[in-house]
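I opened this one with no background at all. These are my notes, in the order I looked things up.

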Amino acid sequence: MGTAGNVPGPPPRSKWAIDQATADGALALLRRADRVLVPTHQNVDADALASAIALCVALEQVGVEAHPVISDGNLPHSLTFLPFLDRVLTYGVDALPEFDVLCLVDSSDRRRLGSLQTDHPGWFDGSIPMVNIDHHVTNDRFGDINIVFSEAASTAEIIAELIRAWGVPLSEPIAQCLLAGIYGDTLGLRTSATTSRTMRTAADLVDAGANPEPIVDGLFRVKPRSSVCLWEHALREVEWTGVVIWTALTDQMFKACGAVPSEAEGLVNFLLGTEGSLVAAILFANDTGWRVSLRSLPPDVDVAAIAAEFGGGGHPRAAGCSIVGGAEEKDRFLARVAELATAMHDPTADR
Ligand SMILES: [Mn+2]
């Protein structure tokens with residue numbers, strides 16, 4: 001296949017593979033458990049929750065009792081289209097059962113678990129066996145068994161492969177969950193992390209009975225009026241430094257609109273389409289300062305590396321961190337992001 005002009009070719013084929021002995025070892029550990037807890041990261045997204053649900057349903061088919069748990073107690077309205085939500089426990093709302101093994105999916109580290117982890121640090125200190133299934137490049141491999149592939153575009157892709165390795169049949173609800181996870185992290189097979197393999201896995205899931213339409217509606221089309229209200233407020237406050245386009249969201253804005261933080265997730269991707277910007281940022285005001293969501297447009301700007309300088313992490317094109325302090329710390333942060341992004345970016349590579 002030729003490429004026209006200076007348009008780069010497709011990304012290299014994704015070659016990651018789950019070692020059969022590792023898959024068997026994970027299943028053996030999970031089978032030894034009386035009960036497994038599968039907590040999601042805070043600000044749960046489609047990939048995290050759908051992967052947790054799919055994994056628990058698959059485990060049930062091999063006789064393992066496992067429960068997905070929303071660790072920060074907040075189920076985003078946009079995820080209510082997922083199947084088997086009645087099986088999901090919400091921390092702080094539902095009583096958690098006794099458990100003896102933990103399986104973390106889509107969490108780069110244990111601190112990502114939010115209030116579940118801060119309320120019960122002893123559960124995550126290594127005394128309870130842990131399986132770690134993830135695709136974040138910043139994953140610190142905290143598990144007793146780690147199934148971590150940063151080349152995978154979503155954790156759901158890894159779960160699909162793991163279920164295959166375990167020989168568990170791919171039922172229609174499992175396929176529906178996994179396709180939702182893939183669509184969630186790839187924005188409907190559109191991000192640069194999306195490989196031909198991601199698309200093949202998605203096609204296999206459709207063949208297994210998954211229906212993309214309710215996923216596209218649920219994730220990208222249908223939104224509450226409160227989201228439009230929040231976007232209206234956020235867009236009015238947008239500032240553009242030339243390199244960084246950003247806006248800040250305050251509690252007052254969320255209150256005025258009756259909106260929740262997850263309703264701002266699409267906004268950062270919208271801002272990223274601004275010509276001339278390298279990085280888009282949304283700053284969520286909190287008690288100690290700001291929680292920041294970062295996205296990069298050019299492939300050579302690695303926001304995971306930028307976020308890491310501020311104690312955060314994520315993916316090269318989508319990452320997050322926190323700023324402690326007030327307006328001065330915020331301005332210093334934004335200036336540093338601009339400086340780092342400019343240093344990383346080769347303008348001659350623009351097309
Ligand atoms: Mn993910």
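First stop: I looked up where Leu-187 sits, and it is in the loop between α5 and α6 (196–207). Helix names follow DSSP runs (H or I, at least four residues, for helices; E, at least two, for strands), numbered from the N terminus. Note to self: this is a predicted model, where local features need pLDDT of at least 70 and side-chain atom pairs count only at pLDDT 80 or more, while totals for chains, interfaces and linings use all residues. I count residues from 1 along each chain as its sequence is written.

Next I checked the backbone of Leu-187. Its phi is near 50 degrees, a positive value in a residue other than glycine. Most residues other than glycine have a negative phi, so I wrote this down. Is Leu-187 buried or exposed? Neither fully: Leu-187 is partly exposed, because it has 15 other C-beta atoms within 10 Å. My cut-offs are 20 or more other C-beta atoms within 10 Å for buried, 12 or fewer for exposed, and partly exposed in between, with C-beta atoms placed from the backbone.

I then went to Leu-189, also found in the loop between α5 and α6. Leu-189 is not a glycine, yet its phi is positive, about 65 degrees. I put Leu-189 down as partly exposed, because it has 14 C-beta neighbours inside 10 Å.

On to the helices. I took α2 (residues 46–61) and asked how it meets α5 (residues 172–186). Their axes come within 8 Å and cross at roughly 160 degrees. An axis here is a line fitted to C-alpha atoms, for helices over the stretch in contact, and angles run from 0 to 180 degrees between N-to-C directions. So α2 and α5 are roughly antiparallel to each other; the label needs an angle over 145 degrees, while under 35 counts as roughly parallel, 65 to 115 as roughly perpendicular and the rest as oblique. The residues making this contact include Ala-46, Ile-53 and Val-57 of α2 and Ile-174, Leu-178 and Tyr-183 of α5. Contact means C-beta atoms, placed from the backbone, within 7 Å. I sorted the residues of the α2 and α5 contact into 12 nonpolar, three polar and two charged. For that, Ala, Val, Leu, Ile, Met, Phe, Trp, Tyr, Cys and Pro are nonpolar, Asp, Glu, Lys and Arg are charged, and the others, Gly among them, are polar.

Then I tried α2 against α4 (residues 155–166): the angle is about 15 degrees and the axes are 9 Å apart. That makes α2 roughly parallel to α4. Among the residues in this contact are Ala-48 and Leu-55 of α2, with Ile-159 and Ile-163 of α4. The tally for α2 with α4 is eight nonpolar, two polar and one charged.

I stayed in α2 to look at Cys-56. I call Cys-56 buried because 25 other C-beta atoms lie within 10 Å. Leaving aside neighbours within four places in sequence, Cys-56 touches Val-38, Ala-66, His-67, Pro-68 and Arg-87. The C-alpha atoms of Cys-56 and Cys-103 are separated by 9.8 Å, with their positions 47 residues apart along the chain.

Last, the domains. The assignment, which is automatic or from a database, gives domain 1 (20–219) and domain 2 (225–349). I found their C-alpha centres 26 Å apart. Each side gives 12 residues to the contact. The domain 1 side has four nonpolar, eight polar and no charged residues.

How values were computed:
Contact = placed C-beta atoms within 7 Å.
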